[in-house]
Amino acid sequence: MKYDSPSYYENRELSWLSFNGRILNEARDNALPVLNRMKFLAITASNMDEFFMVRVASLKDMVNAGYNKSDFSGMTPSQQLSAIHEIAHDFYHKQYTTWNRSLIPLLKKENVLLKDSYEQLNESQERYVDEYFEETVYPVLTPMAVDASRPFPLIRNKSLNIAALLSKKKGSKLIKTKKSDVGKYDFATVQVPSVLDRLVEIPNDEGMDHTFILLEQIIERNIAKLFKNYDVISAHPYRVMRNADLSIDEDDASDLLKEIQKQLKRRQWGEVIRIEVEDKMDERLLNMLRENLEVSKEAIYECSGPIDLGIAMKLAGLEGYDHLRVAPYEGVHISRLTPADGKAVDLFEEIKKGDILMHHPYESFDPVVALIAQAASDPKVLAIKQTLYRVSGNSPIIAALAAAAEVGKQVTVLVELKARFDEENNIVWAKRLEQAGCHVIYGLVGLKTHCKIALIVRREEDGIRRYVHLGTGNYNDSTAKLYTDCGLFTASDWIGEDATAVFNMLSGYSEPEVWNRLIVAPIWLRKKFYSLIDREIEHAKKGREARIVAKMNSLCDPKMIERLYAASAAGVSIELIVRGICCLKTGIPQVSDNIRVISIVGEFLEHSRIFYFYNDGQEEIYMGSADWMPRNLDRRVEIIFPLEDEASKAKAMHILDVLLNDNKKAYERKGDDTYERFDRRGKKLISAQETFCKEAQKLEKKGTKTKIDRVFIPQKASEE
């Protein structure tokens, strides 16, 4: 049976919008504290920005190029754009309804007030705001009028601006008014400076502990001072979103780093994809924006509140209101890797005793950082090799790698320059590592290096030994507190050999004929997953128990979905935990009857990838960096690794079991492509994330903390 009918697949972009809708549900959940709800609202806004800058921009490019071919769901680019705009407009309405009718009133009840407009200010607030404008804001502003001698300015991507409709004053010495100009209006714009705080605290209203106004409202109130030779007819804020998807021809780029730096500058001036405007914007101003920025009506998004709801994240971080947010969770320190009685832990000795599987953020990420730091100062360590995709702003791992190079160790770091929206940050780190003496490489032409691997080569009494860390998430100590991920410490000789082969492949042209344990994309991974699924199909056809459980971020590879449909039709029980995009449809008779899909959206971002295959009772479990997406399987360097010791396998299976039993934060995908919460009536509530937190805390060795001797890169490079 063929499974290539478009009706069997949901469109990738529409599935993503559905996922962002599940995040918005968290902002609308009355059971959550208001500041956590604010955070989720801000996340939906940030997600939507990136979606438009990349995904919508890509579709717009296809339409502009006359590309009309349908995707695997049967939708052409123009059809996808129309559907996206329709859903996105409704999404905006829900965002601002949540803001206006729920979150802002709840904050007011807690004596925190955000003014709707400058017109609501009392006399003392007016004086304060006007003084603040004169002393702090006015010197920074650059008003730009548009007329015959001054063309429409370039509006920076994602910048917040105020558009003004102007009329020339009669008798102005600077501007001569002709009779033909009578009744005409001019356009002007001023950028709201990002160097100033957008949330401005002002003298309190009666009964309030904090009163705020937005910076753009202060500028609106005083905008006439910027155009003294004009009458300001109206003024309203707006925000432009541009195509920010980098287009890099690596084959023709003699220096990839310089080419990406050049492209980053162009990102600010790409084609306009969306304009956000105040919902009461003057129609004449709106038409001027549309004409000059060349956008369609459907790409105009009217906002019934602050443009760019990322401002909600500022409110979510208000100090002194811990009772309005979920208490922050600190990852516990497992006893095997935790210093006790003032004695440091020899991490190499512990790893040599047997594999250690970590589950973050429930278990602290500190041992990963500590291992690299220990390797940097250990005289027995000869070499450290590591891939870096996204790292934190003041990364202790970067510092340790640099310190290792400066004392003469062989340090090789693959920095992925093409990690979207982290390109600039990664360029800075790459330069600093090079200055410290590290050998920095940028991966393979045409492929992103997305795998998470660190290799430490150490000379010991019995010879050279290799220690490896493999992970499902980035080496980012900041996001490791927010993302759920797994990592494996191992001293396996087989995996150590494979790890060496991975870095030889990345730094040179050495392609191993076989791998001992690791499964690497783009060449070997797809085939391996096919074979694992096909094996379950064969077991099912023979009447044996067959089961697949897979956890990932996204599932949109049509060939993998076809394989899953074939497995379901053969009788394989399939349970999928897919946080975001899922193009597989459930409930199709004789196609996906045996497939269950859930999505968990909670306080932590579900990021780990875990793959379980029953294998006729000889269970196999794999983890790694790859989702089941075409880019992960075919266009990236990814690593999937097996769990081989029984303790690690049992731990991974427990993780999957708890996730599959979540009925508090999980959604189940229905046959009509919607996601629904579970019916909780009469049932014990189970939150997987809460369960993992409680379990980890019970196992923590009380009164101990992992000590990390931080090392810092000498301040040779400029701080950016």
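How many bridges pair strand β15 with strand β16, and in which sense do the two strands run? Select residues 453-460 for β15 and residues 463-471 for β16: the two pair in the antiparallel sense over eight bridges. Keep in mind throughout that this is a predicted model.

**Stop 1: β15, β16 and β17**

With β15 and β16 still selected, look at the connection between them. A hairpin of two residues joins β15 to β16. To check the register, pick I453 and find L470 of β16 opposite this residue.

Now add residues 483-490, which make up strand β17. β16 and β17 run antiparallel and are joined by four bridges. Here the pair to label is V468 and, opposite this residue in β17, T490.

**Stop 2: β7 and its two partners**

Next select residues 230-242, strand β7. This strand is mostly covered, with ten of its 13 residues buried. Show residues 160-168 as well: this is strand β3, which runs antiparallel to β7 and is joined to this strand by nine bridges. A164 of β3 stands opposite A235 in β7.

Then show strand β8, residues 272-278. β7 and β8 also pair in the antiparallel sense, over five bridges.

**Stop 3: R239**

Stay in β7 and centre on R239. Is this residue buried or exposed? R239 has a relative accessible area of 3%. Buried means under 20%, so R239 counts as buried.

Turn on the side chains around R239. Its bridge partner in β8 is E276, and the side chains of R239 and E276 also make a polar contact at 2.7 Å. A further distance to display runs from the side chain of R239 to the backbone oxygen of K158, at 3.3 Å. Leaving aside residues up to four places away in sequence, R239 touches D49, K158, S159, L160, R274, I275, E276, I307 and D308.

**Stop 4: the sheet β1-β6-β5**

Move to an open sheet of three strands, in the order β1-β6-β5, with mixed pairing. Its edge strands are β1 (112-114) and β5 (199-202), each of which pairs on one side only. From one strand to the next, the twist averages 30 degrees.

Add β6, residues 210-214, which runs parallel to β1 and is joined to β1 by three bridges. To see the register, label L113 and the residue opposite in β6, T211.

**Stop 5: helix α4 across the sheet**

Select residues 123-137. This is helix α4, which lies across β5 and β6 and runs at about 135 degrees to β5. The helix has 15 residues, and its first and last C-alpha atoms are 20 Å apart, close to the 21 Å expected at 1.5 Å a residue.

Which residues of α4 are buried? Colour Q125, V129, Y132, F133 and V137, which are the buried ones. They cover an arc of only 100 degrees around the axis, which means they sit on the same side of α4. The buried residues pack against β5, β6 and α5 (215-221). Rotate to the other side of α4 to find E123 and E135, which are exposed.

**Stop 6: helix α15**

Finish at residues 558-570, helix α15. Its 13 residues should span 18 Å at 1.5 Å a residue, and its end C-alpha atoms are 18 Å apart, so the two values agree.

Colour M560, I561, L564, Y565, A567 and S568, which are buried in α15. Look down the axis: the buried residues fall within an arc of 160 degrees, so they line one face of the helix. Among the elements that cover them are α14 (525-541), β20 (573-578), β21 (595-600) and α16 (630-634).

Last, check both ends of the helix. What caps the N-terminal end of α15? Select D557: one of its side-chain oxygens lies 3.2 Å from the backbone nitrogen of K559, and D557 is the cap. After α15 comes G571, which has a positive phi, near 105 degrees.

Terms used
Residues are numbered from 1 along each chain as its sequence is written. This is a predicted model: local features need pLDDT of at least 70, side-chain atom pairs count only at pLDDT 80 or more; totals for chains, interfaces and linings use all residues. Side-chain values use heavy atoms; hydrogens and water are left out. Two strands pair if DSSP finds at least two bridges between them. Axes are lines fitted to C-alpha atoms, for helices over the stretch in contact, and angles run from 0 to 180 degrees between N-to-C directions. Contact means heavy atoms within 4.5 Å. The expected span of a helix is 1.5 Å times one less than its number of residues. Buried means under 20% relative accessible area, exposed over 50%, partly exposed in between (1.4 Å probe, protein chains only). The arc is that of the directions from the helix axis to the C-beta atoms. A polar contact is a pair of N or O atoms within 3.5 Å; within protein, one must be able to donate a hydrogen and the other to accept it, and residues adjacent in sequence count only if both atoms are side-chain atoms.
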